[in-house]
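Here are some worked exercises to try with the model open beside you. Attempt each task before you read its solution.

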Amino acid sequence: MAALPLATAEVCDANAHMIMNGELRALQPVFQIYGRRQVFAGPIVTLKVYEDNVLVRDFLEEKGQGRVLVVDGGGSLRCAILGGNPVQQAQNNGWAGIIVNGCIRDVDEINGCDIGIRALNSHPMKANKKGIGEKHVPVTIAGTRICDGEWLYADTDGILISRTELTV
């Protein structure tokens with residue numbers, strides 16, 4: 001199920017009509033790049049949490065099947081909702097990438113993993129463990145509404161969200 005990585009700039013140049021009608025959206029450039037896989041793509045799974053990482057860990061324990069977990073952490077810069085152990089598990093379980101609208105920690109460990117990670121920043125403090133959040137709900141991050149089942153394409157130029165899988 002792993003999607004073919006596409007160059008985001010080329011996708012934008014070739015699909016102006018999809019941008020105009022909202023089928024293809026670019027996230028605002030607010031994310032830092034982490035992990036060894038700088039280019040990644042896949043179908044999206046959404047999660048909404050706030051300063052709590054129990055549901056993040058639960059998702060990453062599942063088989064990823066080339067999917068991308070998009071976590072709306074409310075943009076919190078007060079603690080990390082993703083760390084090295086869950087990222088290593090995500091890599092081993094076949095996740096293509098993780099987008100975090102919040103912070104991560106264990107950056108050196110994460111940068112050694114063959115997975116694509118985007119986050120607002122890093123923070124040494126860990127998150128709460130209450131298990132509060134919502135799975136498979138529409139989220140709005142970096143100026144863009146993102147729904148479960150849409151497709152994400154990321155490279156060093158940015159992150160695109162498409163209603164459908166794109167082909168070259």
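**Exercise 1: the faces of a helix**

Helix 3 (54–61) has Leu55, Val56, Phe59 and Leu60 as its buried residues. Buried means under 20% relative accessible area, exposed over 50%, and partly exposed in between (1.4 Å probe, protein chains only). Helices (H or I, at least four residues) and strands (E, at least two) are DSSP runs, numbered from the N terminus.

A word on the source: this is a predicted model, in which local features need pLDDT of at least 70 and side-chain atom pairs count only at pLDDT 80 or more, while totals for chains, interfaces and linings use all residues. Residues are numbered from 1 along each chain as its sequence is written, and side-chain values use heavy atoms, with hydrogens and water left out.

*Task.* Work out why the buried residues are on the same side of helix 3, and find what they pack against.

*Solution.*
- Step 1. The buried residues cover an arc of only 135 degrees around the axis, so they are on the same side of helix 3. The arc is that of the directions from the helix axis to the C-beta atoms.
- Step 2. An α-helix has 3.6 residues a turn, so residues three or four places apart point the same way.
- Step 3. The packing partners of these buried residues are strand 3, strand 4, strand 5, helix 4, strand 6 and strand 8 (134–135). Contact here means heavy atoms within 4.5 Å.

**Exercise 2: the nonpolar cores**

*Task.* Find which residues have the most contacts inside the largest nonpolar core. A nonpolar core is a set of buried Ala, Val, Leu, Ile, Met, Phe, Trp, Tyr and Cys residues joined through side-chain atoms within 4.5 Å.

*Solution.*
- Step 1. This core has 25 residues, and Leu69, Leu82, Ile98 and Ile117 have the most contacts inside it.
- Step 2. Two or more residues each come from strand 3 (40–48), helix 3, strand 4 (68–72), strand 5, helix 4, strand 6 (97–104) and strand 7 (116–122). Helix 3 gives the largest share, 4 residues.
- Step 3. Setting aside neighbours within four places in sequence, Leu82 is in contact with residues including Val56, Leu60, Ile98 and Ile117.
- Step 4. Apart from this core lies another, of 18 residues, among them Ala96, Ile99, Ala142 and Ala154.

**Exercise 3: an annotated site**

*Task.* Locate the residues that UniProt marks as "binding site", and say whether Gly84 is buried or exposed.

*Solution.*
- Step 1. The unreviewed UniProt entry places this feature at Gly83, Gly84, Asn85, Pro86 and Arg105. These positions are given in the numbering used here, feature names are shortened, and annotations may be inferred rather than shown by experiment.
- Step 2. The annotated residues span 23 residues in sequence, yet no two of their C-alpha atoms are more than 10.8 Å apart, so they gather at one spot.
- Step 3. Gly83 sits in the loop between strand 5 (80–82) and helix 4 (84–92), and is buried at 9% relative accessible area.
- Step 4. Gly84 belongs to helix 4 and is buried, with 0% relative accessibility.
- Step 5. Not counting residues up to four places away in sequence, Gly83 touches Arg105, Asp106 and Ile110. With its neighbours within four places left aside, Gly84 is in contact with Arg105, Asp106, Glu109 and Ile110.

**Exercise 4: the cysteines**

*Task.* How many disulfides does a search of the whole structure find?

*Solution.*
- Step 1. A disulfide is a pair of cysteine sulfur atoms within 2.5 Å, and the search finds 0.
- Step 2. For Cys79, the nearest cysteine sulfur is that of Cys103, 7.6 Å away.
- Step 3. Cys79 is buried, at 7% relative accessibility.
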